[in-house]
Structures are given as C-alpha cells and as structure tokens.
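Reader: I am new to protein models and would like to learn how to read one. Could you walk me through it, one feature at a time?

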Amino acid sequence: MASIESTKRTANRFESTLGGITVNGQAHSLSAWFVLALRLTFGYAFLSAGLDKLTAGGWTARGYLAGGAAQNGNPLEFMYVWMADTTWFVAVVDVAVPFGQLAIGLGLIVGLLVRLAAFFGAFMMTMFYFGNWSVEHGFVNSDLAYVLVFLAIAAFGAGRILGLDAYVERYEFADGRTLLEKYPRLDYVLG
C-alpha cells in the first residue's frame, strides 16, 4: 500500500511523495485567486443545479438511470440498471442528488467543509462520468475534468482562501489550542 507524505510547507512551494515518487513545484503568486475562482465557480454550478432540481417540481433520477446510464454501454451498466429498477434506491437518489448538489454548492461558495464538499462533488461527478459514458472521443470528457477539479480544490485547501474553513480551523479552546491542534483529523474535511 502506498503511503502519502507531505514534506514541505513553504509559501507557494509544494512537495509530495506517493509510492516512493516525489513531485514538487512552485505555484505562481496568483494561484490562490485561481483556486478561489474554481471553488466559487463550481460552487455556483452545483448550487444552481441543486436549486433547479428542487424547484422544477417532480424531478426524478429514474429517467436518467434507466434511459441513459443503463443503456449506454458503460462498464457499470448493470449497476445503473439495478439502481433504476430499485424503487427505494431511486427515492433516495431523488433526495440525495438535489440536496447533495445544494450542500456541495453552498459549502464551496462559503468555504466551509470544503474538502468534504469536494470529495462528494468528485464522487457525484464520477457517477455522472459512468452514467454519461461516451468514449468516441476518448476517455477524457467534461465529467472527468470536473472530478479532477474537485480533487484539486480539496488538495489545495481552497476553504482556507477567503473561506469559513480558515476561521473554523483557528477557533481556540480555553486551553489555548486551536480546533485543528485538538482534533487534527478534521484537516481531512476542512480546508
């Protein structure tokens, strides 16, 4: 199993080792603004998508699951057939998708629980990637690009850039320790 190590934390420098391979680089000073722009843009896109579904009235995932995803030849076709044919699962997805998109969008826009929001955004886009399967132009499409952007938003700790995560992480307890010092695992969902 590969181990992930973060070795250097200096301004605009990054370095990481994964499976014995080290990569490093130096970001331009404007990078923070571009990461912020990605976070806000994807936040708006997901917030809008969630609101559209919630205000459309009668939106359901059944048609998408049965009419497209379950019949497009994707390698997970059997799973989409099962999802479309399972009433309770469709009922869960009918709630989870619009409210999930809404929560992801809000989290990204205000910069709260950004890594958690980005993880679920990447998961949702992975499901759309297979659901919208189309490889006549190759395996790379906009759904896969969305997955990678969500992962980049999480990796760069975009919630710390003009986001509420920066304030939450610095919350100080009576003993003088910050939230992340007291609960370091929260770093996986904040940022």
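**Reading a fold, step by step**

Author: Gladly! Let us start with one residue: T178 is buried, with a relative accessible area of 18%. Please keep in mind that this is a predicted model.

Reader: Why does T178 count as buried?

Author: The general idea is a cut-off: buried means under 20% relative accessible area. The value for T178 is 18%, so T178 falls in the buried class.

Reader: Where does T178 lie, and which residues is T178 in contact with?

Author: T178 lies in the loop between α7 and α8 (179-182). Setting aside neighbours within four places in sequence, its contacts are E169, R170, Y171, E172 and F173. For a separation across the model, take V95: this residue is 83 residues from T178 along the chain, and their C-alpha atoms are separated by 36 Å.

Reader: How do I get an overview of the protein chain?

Author: Begin with the secondary structure, then look at the order of its pieces. Here the protein chain has eight helices and three strands. Along the sequence the pattern is β-β-β-α-α-α-α-α-α-α-α.

Reader: What box do the C-alpha atoms fill, and how much of the protein chain is buried?

Author: Taken along the principal axes, the box is roughly 55 × 40 × 35 Å. Of the 191 residues, 35% count as buried. You can also ask how far apart in sequence contacting residues are. Among contacts between residues at least 6 apart in sequence, 60% join residues at least 24 apart.

Reader: Can we look at residues that sit in a helix?

Author: Yes, with P98 in helix α4 as our example. P98 is buried, with a relative accessible area of 2%. Apart from neighbours within four places in sequence, P98 is in contact with G50, K53, L54, W59 and V93. Sequence separation and distance in space are two separate readings: P98 and T55 are 43 residues apart in sequence, and 9.8 Å apart C-alpha to C-alpha.

Reader: What about R62: which helix holds R62, and how accessible is R62?

Author: R62 belongs to helix α2. With a relative accessible area of 33%, R62 is partly exposed. Leaving out neighbours within four places in sequence, R62 is in contact with G67, A84, T87, V90 and D94. One of these, A84, is 22 residues from R62 in sequence, and their C-alpha atoms are 5.5 Å apart.

Reader: How do I describe two helices that meet?

Author: Ask about the angle between their axes, then about the residues in contact. The axes of α3 and α5 come within 10 Å and cross at roughly 105°. That makes α3 roughly perpendicular to α5, because angles of 65 to 115 degrees are placed in that class. At the contact, M79, Y80 and M83 in α3 meet M127, F130 and G131 in α5. By class, the residues of this contact are five nonpolar, one polar and no charged.

Reader: And how do I read a pocket?

Author: Look at its volume, its lining and the elements that supply the lining. The second largest pocket holds about 580 Å³ of space. Its lining has 25 residues, with A96, V97, F123, M124 and M127 nearest its centre. M127 is thus a residue you have met before: in α5, M127 also takes part in the contact with α3.

Reader: Which helices supply the lining of the second largest pocket, and which classes of residue are found there?

Author: Each of α2 (62-67), α3 (77-85), α4 (87-110) and α5 (114-131) supplies at least two residues. The largest share, nine residues, comes from α4. The lining divides into 22 nonpolar, two polar and one charged residues.

Reader: Last topic: what should I look for in backbone angles?

Author: Look for a positive phi in a residue that is not a glycine. L113, with a phi of about 55°, is one case. L113 sits in the loop between α4 and α5 and is partly exposed, with a relative accessible area of 36%. L162 is another residue other than glycine with a positive phi, near 50°.

Reader: Where is L162, and is L162 buried or exposed?

Author: L162 is in the loop between α6 (142-155) and α7 (164-169). L162 is exposed, with a relative accessible area of 65%.

Definitions and conventions: Residues are numbered from 1 along each chain as its sequence is written. This is a predicted model: local features need pLDDT of at least 70, side-chain atom pairs count only at pLDDT 80 or more; totals for chains, interfaces and linings use all residues. Side-chain values use heavy atoms; hydrogens and water are left out. On a 1 Å grid over the protein atoms alone, a cavity is a set of points where a 1.4 Å probe fits but cannot get out, and a pocket is an open set with protein on both sides within 12 Å along at least five of seven lines; lining residues have an atom within 4 Å of a point. Grid points are joined across faces, edges and corners, and a volume is the space filled by probe spheres set on the points. Helices (H or I, at least four residues) and strands (E, at least two) are DSSP runs, numbered from the N terminus. Ala, Val, Leu, Ile, Met, Phe, Trp, Tyr, Cys and Pro count as nonpolar, Asp, Glu, Lys and Arg as charged, and the others, Gly among them, as polar. Buried means under 20% relative accessible area, exposed over 50%, partly exposed in between (1.4 Å probe, protein chains only). Axes are lines fitted to C-alpha atoms, for helices over the stretch in contact, and angles run from 0 to 180 degrees between N-to-C directions. Angles under 35 degrees count as roughly parallel, over 145 as roughly antiparallel, 65 to 115 as roughly perpendicular and the rest as oblique. Contact means heavy atoms within 4.5 Å.
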